[in-house]
Amino acid sequence: MLVKQGELATVSAVAGSLGYIAPEYAQTFRVNEKIDVYSFGVVLLELTTGKAANYGDEDTCLAKWAWRHMQEGKPIVDVLDEEVKEPCYVDEMRDVFKLGVLCTSMLPSERPNMKEVVQILLGRNRRWVCGRKNMRHA
């Protein structure tokens with residue numbers, strides 16, 4: 001969006017696809033970094049499962065499906081995309097799936113920011129994986 005210096009920037013509409021938009025956006029219509037984190041988490045879930053963002057029935061999507069899978073304590077390895085799953089990469093795929101679930105948390109305050117996501121992907125921030133924000137049911 002191009003804005004002349006000194007003018008206020010406003011957005012009258014935000015485009016998005018079903019499954020990628022954070023739940024709070026539907027209620028507030030406010031865009032912030034946590035909404036971007038949610039969308040990125042959906043992409044991580046797509047990459048690890050091979051399923052589309054709108055996977056599920058009319059009441060659910062990939063993010064909700066993945067969250068429910070974790071809450072039920074089912075093995076993550078069972079949902080990883082068979083076409084790309086290699087035994088030597090299962091641990092990394094499991095970690096990326098868990099990060100996708102964390103990024104798509106229903107509460108924005110429970111999602112990491114993008115800087116933390118990068119640090120997690122680089123293996124430099126174990127607090128989110130092993131600490132207070134731990135994803136149980138590995």
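**View 1. Just past the end of helix α2.** Right after α2 comes Gly-50, and its phi is positive, near 80°. What you're looking at is a predicted model, in which local features need pLDDT of at least 70 and side-chain atom pairs count only at pLDDT 80 or more, while totals for chains, interfaces and linings use all residues. Residues are numbered from 1 along each chain as its sequence is written, and side-chain values use heavy atoms, with hydrogens and water left out. Helices (H or I, at least four residues) and strands (E, at least two) are DSSP runs, numbered from the N terminus.

**View 2. Helix α2 from end to end.** This helix covers residues 33-49, 17 residues in total. The expected span of a helix is 1.5 Å times one less than its number of residues. For α2 that comes to 24 Å, and the end C-alpha atoms are indeed 24 Å apart, so the two agree. At the start of the helix, a side-chain oxygen of Asn-32 reaches to within 2.9 Å of the backbone nitrogen of Lys-34.

**View 3. The buried residues of α2 and what they pack against.** "Buried" here means under 20% relative accessible area, "exposed" means over 50%, and "partly exposed" is in between (1.4 Å probe, protein chains only). The buried residues of α2 include Ile-35, Val-37, Tyr-38, Gly-41 and Val-42. Further along the list come Leu-44, Leu-45, Glu-46, Thr-48 and Thr-49. Their packing partners are α1 (23-28), α3 (62-71), α4 (90-103) and α5 (114-121).

**View 4. The largest nonpolar core.** A nonpolar core is a set of buried Ala, Val, Leu, Ile, Met, Phe, Trp, Tyr and Cys residues joined through side-chain atoms within 4.5 Å. This one has 20 residues, and Leu-45 and Phe-97 touch the most other members. Helices α2, α3 and α4 are the elements that give it two or more residues. The most comes from α3, with five residues. Set apart from it is another core, of seven residues, among them Leu-44, Leu-102, Cys-103 and Ile-120. In soluble globular proteins, nonpolar side chains tend to be buried together.

**View 5. Zooming in on Leu-45.** A contact means heavy atoms within 4.5 Å. Leaving aside neighbours within four places in sequence, Leu-45 is in contact with Gly-50, Leu-62, Ala-63 and Ala-66, among others. Its partners also include Phe-97, Gly-100, Val-101 and Thr-104.

**View 6. Helix α4 and two cysteines.** The 14 residues of α4 should span 20 Å, and its end C-alpha atoms are 20 Å apart, which agrees. Buried along this helix are Val-90, Met-93, Phe-97, Lys-98, Leu-99, Gly-100, Val-101, Leu-102 and Cys-103. Cys-103 counts as buried because its relative accessibility is 0%. Cys-88, on the other hand, has a relative accessible area of 57%, so it is exposed. A disulfide is a pair of cysteine sulfur atoms within 2.5 Å, and a search of the whole structure turns up zero of them.

**View 7. Arg-68 and Val-101.** Arg-68 is found in helix α3. With a relative accessible area of 39%, this arginine is partly exposed. Between Arg-68 and Val-101 there are 9.7 Å, C-alpha to C-alpha, for a pair 33 residues apart in sequence.

**View 8. The loop between α4 and α5.** Ser-105 is found in this loop, and its relative accessible area of 8% makes it buried. Not counting residues up to four places away in sequence, Ser-105 touches Tyr-38, Glu-110 and Arg-111. Asn-113 is found in the loop too, but this residue counts as partly exposed, at 25% relative accessibility. With the cut-off of up to four places in sequence again applied, Asn-113 touches Glu-33, Lys-34 and Val-37. Asn-113 and Glu-33 are 80 residues apart along the chain, with their C-alpha atoms separated by 7.1 Å. A polar atom of the Asn-113 side chain also lies 3.0 Å from the backbone nitrogen of Lys-115.

**View 9. Stepping back, with an eye on confidence.** The protein has six helices and zero strands. Of its 138 residues, 35% count as buried. pLDDT is the predictor's confidence in each residue, from 0 to 100. The protein averages a pLDDT of 82, and 77% of the residues score at least 70. Over residues 130-138, pLDDT stays under 50, although the model has 25 contacts beyond four places in sequence for them. Where pLDDT is low, the predicted coordinates should not be read in detail.

Methods:
Polar contact = N/O pair within 3.5 Å; in protein donor to acceptor, adjacent residues only side chain to side chain.
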